[in-house]
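User: I have a model open on my screen and would like a close look at one part of its interior. Could you walk me through it, and then show me how it fits into the rest of the chain?

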Amino acid sequence: MLEDDFSELETLRLEKINRLREQGIEPYPTTTFITHTTAEAVAAFEAVEADADAALTAVVLAGRLRAIRNMGKLSFAHIEDRSGKLQLLLRVNELGQEKLDAFVSDFDLGDFIEASGTMMRTKRGEVTLLVEDFRMLAKALLQLPADKDEVVNGEVIRHAVLTDPETRYRQRYVDLAVNPEVREIFSKRTATIRALRAFLDERGFQEVETPILQPIYGGAAARPFTTFHNELNQELYLRISFELYLKRLIVGGLERVYEIGRDFRNEGVSFKHNPEFTQLEFYMAYADYHTIMEMTEQMISFVAQQVLGTQKINFNGHEIDLTPPWNRVQIRQGLIDHAGIDINDYPNAVALSEWLKEHHIDHKPDAPRGKLIGVLMEEFLEPILIQPTFLYDYPRDISPLAKNVPGDPQTVERFEGFIGGVELCNAFTELNDPMEQEKRFTEMGRAYAENEEERHPMDEDFLKALAYGMPPTGGFGIGVDRLVMMLTEQRSLKEVILFPPLRDTESGPSA
RNA sequence: GGGCGCGUAGCUCAAUGGUAGAGCAGUGGCCUUUUAAGCCAUUGGUUCAGGGUUCGAUCCCCUGCGCGCUCACCA
């Protein structure tokens, strides 16, 4: 029972509700009569303010009470709605003593109020609603964390905000209610996804939806979440990527498709990893990875312009310029330049591992060649991945779905985009040779044979689809949460996910 | 999963081996132009939980729970 946990304060507010009901006032009415948002009311007033003959601006507003200053025969208050804050002035002159007393005694911070009256400007110059009547819209039982704004030289100083991360994540509704900058982050998140869609729609891409529950997971190397469908009597997996389904659609002739949705990976959590995350993948027939690289830098700079109005961001302590063209670094050349090693001289894992050992670089000695190259990249290329950079031409053995670089059997046409040292996206020229694809699946199966969970399961139907013929295709995937994290200059994915995963507690999932 | 750190009032934070305090919000009062309103008074605590040491633990020790940072993992 909600009531069991009530403190003195909540009990007091419950009594106010009962008192309202006794007076025949419904504390949770159904209908409102709003005519303007607070911002619209201010704009409407300012438009006619200079004109002395203009009629008074009469409005009905609604919002949450965020500040109350009672001063005997009058009260000031601030209400907040989606468009901003507005001051209310309640005076005995307009309301009468009884009505004003009702406001003082029954209304608390956090309550939703409807107020009608005319717009005016106070002696201090603030546009204000002179209230002629008001009504309870919804009574708050629990008190929001106290937060006050002080304006000093035009700068808003926040006092006593809610900062405890656990409370902010578990009770995001409170976080959102009291921290406008948090609302701003999620507004930018929405704008980001809107801009991504606009960019792709403009270029003739078709947005699609593919299964989240899959009998075979694929398209990435991650451990899946497993579930069970009772009626089908079958184990199913939550998808770890969209890739294999979207490429089936390319086979089907859709030519340009994309999907924005949730992927699920049963792995660790960090500032840049979350077990469920939003992914955008697109596939474009008759494109290769160079085309996709150009599209990527165009897309991200377009999104930044739409969302932020600029191409410059500050992420991870770095000033970053997203303006195309981005740096392009071929992995082999990058390692020659920065590590002094030509990986083509080390055609197998054993040789590479020897080199790493000689240079005292920590690694798993039995890792496949591609992973050891990954170790080299982390060790030597990290510093050049601050400004937007494409690393390209990846080892084949860690890229089972990408097409070979012509004439180089160890390397595939794949790139990853990095910003601020964090991997943002992954793309390649898609492997469309069904026989070669089957071989790759088999190789992956062997490479990970000792680790059943990491095995790349064979998707026979996907091979069948390729066998019907898939045009040359470029494919692309981006972690949307990471993109939002960069654009909003946050340090953790949790700050851009409305309800980040937290351990369950006794009092329930989010309390 | 490993390491480090944190957990005190609704929020933000103090303090102490002798059972806890401030600001904000809350409650009562004064106040007709305030905006962190002001002034006076005042309520509010299982100091995360359990155990140990001690005459006495919120503080020291152990265990658990939760959160943060970090390492590993996540091609």
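Leaving aside its neighbours within four places in sequence, which residues is F282 in contact with?

Analyst: Happy to help! Please keep in mind that this is a predicted model. Once neighbours within four places in sequence are set aside, F282 is in contact with L200, F205, V257, Y258, I292, M295, M299, G474, G475 and F476.

Those contacts make more sense once you see the core around them. F282 belongs to the largest nonpolar core, a set of 46 residues. Along with L200, L280, M299, L322 and F415, F282 is among the members that touch the most others. Helix 8, which spans residues 289–308, supplies the largest share of this core with nine residues. Apart from this core lies another one, made of 37 residues and including L244, V329, L352 and I373. As general background, nonpolar side chains in soluble globular proteins tend to be buried together.

Stepping back to the whole of chain A, buried residues account for 47% of its 511 residues. The secondary structure comes to 14 helices and 21 strands, and the C-alpha atoms fill a box of roughly 90 × 55 × 50 Å along the principal axes. Of the contacts between residues at least 6 apart in sequence, 63% join residues at least 24 apart.

Charged pairs are part of the picture too, with 37 salt bridges found in the whole structure. One of them brings together the side chains of E80 and R66, at 2.6 Å from N to O. Here E80 sits in strand 2 (residues 74–81) and R66 in strand 1 (residues 58–70), 14 residues apart, and both are buried.

Another salt bridge pairs E495 with R168, their closest N and O atoms being 2.8 Å apart. Because E495 lies in the segment after helix 14 and R168 in helix 4 (residues 165–170), this pair ties together parts that are 327 residues apart in sequence. Buried means under 20% relative accessible area, so E495 counts as buried at 14%, and R168 does too at 9%.

For a pair within one helix, look at E436 and R440, whose side chains meet in a salt bridge at 2.8 Å, N to O. They are four residues apart in helix 12 (residues 434–447), so about one helical turn separates them. E436 is buried at 14% relative accessibility, and R440 is buried at 2%. Elsewhere, R13, K16, D108, D111 and K139 are joined into one network by salt bridges that share partners.

Now for the outside. The accessible surface of chain A comes to about 25,600 Å², and carbon and sulfur atoms account for 51% of that. Y173, L498 and F499 form a nonpolar patch on the surface, with about 330 Å² of accessible area together. L498 is in the segment after helix 14 (480–487), and with a relative accessible area of 37% L498 is partly exposed.

Finally, a word on confidence. Chain A averages a pLDDT of 91, and 95% of the residues score at least 70. Among its elements, strand 8 (residues 206–207) has the highest mean pLDDT, 98, and strand 7 (residues 155–159) the lowest, 75. Over residues 507–511 the pLDDT is below 50, and this stretch has seven contacts in the model beyond near neighbours in sequence.

Key: Residues are numbered from 1 along each chain as its sequence is written. Chains are lettered from A and ligands numbered from 1 in the order in which they are written. This is a predicted model: local features need pLDDT of at least 70, side-chain atom pairs count only at pLDDT 80 or more; totals for chains, interfaces and linings use all residues. Side-chain values use heavy atoms; hydrogens and water are left out. A nonpolar core is a set of buried Ala, Val, Leu, Ile, Met, Phe, Trp, Tyr and Cys residues joined through side-chain atoms within 4.5 Å. Buried means under 20% relative accessible area, exposed over 50%, partly exposed in between (1.4 Å probe, protein chains only). Helices (H or I, at least four residues) and strands (E, at least two) are DSSP runs, numbered from the N terminus. Contact means heavy atoms within 4.5 Å. pLDDT is the predictor's confidence in each residue, from 0 to 100. Patches are made of residues with over 30% relative accessible area and no salt bridge: like charges are joined within 9 Å, nonpolar side chains (Val, Leu, Ile, Met, Phe, Trp, Tyr) within 5 Å. Accessible areas come from the Shrake-Rupley method with a 1.4 Å probe; for residues, only the protein chains shown count as cover. A salt bridge is a side-chain nitrogen of Lys or Arg within 4 Å of a carboxyl oxygen of Asp or Glu.
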